[in-house]
Amino acid sequence: ETLAKVERAHDLVQLRSVQLEAVNDEYKEAQVQLFAANASLKESEELYRMLADNVADVIWTKDMNLHNTYVSPSIIRITGYTVEEFMQMTIDQAYPPTSVELINETFHEELAIEASCDASPTRQRVLVLEQYRKDGSTFWIEDKLAFLRDPEGAPIGIMGITRDITERRNAEEEIERNYQEQAVLSSLLSLSLEGTSLDEIIDLSLGEVFSIPWLGIEPRGCVFLVEGNELVMVSEQNMNPYVVKSCDRIEFGHCLCGRAARSGETIFKDCIDHEHETRFEGVMPHGHYCLPIQSMHGTLGVLNLYIKHGHKRDSREEQFLASVAAVIAGTIERKRADEALRESEEKYRLITENVDSLIAMVDCEGKYVYTNTAHQRVTGYEPKELIGKSSSDYVHPEDAKRLAAFSAAGDTGLVSYTYRLRC
């Protein structure tokens, strides 16, 4: 019996040994797999870190208190800050106040959406912001944002990708500037072709210029037109009453506007200096663009605009304002030509309507297109009765063939012949 017990114990030990070896083999296999998994994970982590550390855009994460938890090395390229410096910065230190306000507003909106339980966990937000550089300047960025989530889907942080869009923003602003410029010039040209008076067009021109937001001018100024050797103010907006009265008439060469008229060149001043001759007590510091309004016949006037003290001369501004002055010049000449034509037309109308001779015009078919009032006194026909009628219908029958022969000859020179009209 004792021997049997020993044999059973021996068999049990052998069984346990076999089982233990199997477990040990499984453990070794698990260790190999774990090692491989750790190696793969490390390799994957290194790969993603390498990608994050070397992309041109900036990849970053923040916790739910908006504190930095990671930023890629590309931060130094776009801001000048090192990773270590940027990691210590708050959003108030990294962004101007308007951008901070937008960030906070968006963050609280997203928290409210999250609380509604209806939001997609994969949603993103895109913000266009200004960001500080280390030298104190700002530049435009585009941030793509999404929540980082735990295994249960709850937000535990924010991940963002920041892209420098300065060049794109500048291109968009340039397109917008060009559009605004063309819109204003087109509006002014349209006004010049309408029945609007010259004074109204000049008033509207000032308003159009003041409406452009990127121009560094103040919403006040005036337009002078030339009368003899003087400039006469014909329009002003938002100017000091003393200046309006003092500058009602300016001699060529006097003050800035007079110098612009005499020289035919733009006068720019970023402050009040000795050439600014018209002054008054309490005048606020300012500068001017004084642009001559010129045509091929000479100076027609001056466009005078105010700028802030210390404003730097800008060739883009000056080029556009010169275009405005050119459009005003074209408008002045066109309106004056129209007025001269109307005066000439009125003068000759009075002459033709008050002579005793019969004056008429006919078209190529011999139909009346104009007759003066003498026809009514001589023939009894009112001018409106004759317009559109054939002139041959009113010629005496005995003279009609002779008149027709003259007409058939097609002589385009000055001819004279006598015939009788029917009354």
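Quick bit of bookkeeping to start: Ala, Val, Leu, Ile, Met, Phe, Trp, Tyr, Cys and Pro count as nonpolar here, Asp, Glu, Lys and Arg as charged, and the others, Gly among them, as polar. This is a predicted model, so local features need pLDDT of at least 70 and side-chain atom pairs count only at pLDDT 80 or more, while totals for chains, interfaces and linings use all residues. Residues are numbered from 1 along each chain as its sequence is written, and side-chain values use heavy atoms, with hydrogens and water left out.

Okay, the overview. The chain has 13 helices and 13 strands; those are DSSP runs numbered from the N terminus, helices being H or I with at least four residues and strands E with at least two. Of its 423 residues, 32% are buried, meaning under 20% relative accessible area with a 1.4 Å probe, protein chains only.

Now, the cavities. By cavity I mean a set of points, on a 1 Å grid over the protein atoms alone, where a 1.4 Å probe fits but cannot get out; lining residues have an atom within 4 Å of a point. Volume is the space filled by probe spheres set on the points, with points joined across faces, edges and corners. The whole structure has two cavities of 30 Å³ or more.

The largest holds about 260 Å³. Its lining runs to 19 residues, with Trp 60, Thr 106, Phe 107, Leu 145 and Ile 158 nearest the centre. Elements giving two or more residues to that lining are β1 (58–62), α5 (97–115), β3 (125–132) and β4 (138–149). By class, you get twelve nonpolar, two polar and five charged residues.

The second largest is about 40 Å³, and its lining includes Tyr 368, His 375 and Arg 422. That lining splits into five nonpolar, two polar and one charged.

So what about the cores? A nonpolar core is a set of buried Ala, Val, Leu, Ile, Met, Phe, Trp, Tyr and Cys residues joined through side-chain atoms within 4.5 Å. In the largest one, with 32 residues, Ile 293, Leu 305 and Phe 320 touch the most other members. Among the elements giving it two or more residues are α6 (166–193), β10 (286–295) and α10 (315–354), and α10 supplies the largest share, eight residues.

Have a look at Phe 320: leaving out residues up to four places away in sequence, Phe 320 touches Glu 181, Val 184, Leu 185, Ile 212, Trp 214 and Leu 215, contact being heavy atoms within 4.5 Å. Apart from that core lies another, of 22 residues, including Trp 60 and Phe 147. And Trp 60, remember, is also one of the residues nearest the centre of the largest cavity.

Methods
Buried means under 20% relative accessible area, exposed over 50%, partly exposed in between (1.4 Å probe, protein chains only). On a 1 Å grid over the protein atoms alone, a cavity is a set of points where a 1.4 Å probe fits but cannot get out, and a pocket is an open set with protein on both sides within 12 Å along at least five of seven lines; lining residues have an atom within 4 Å of a point.
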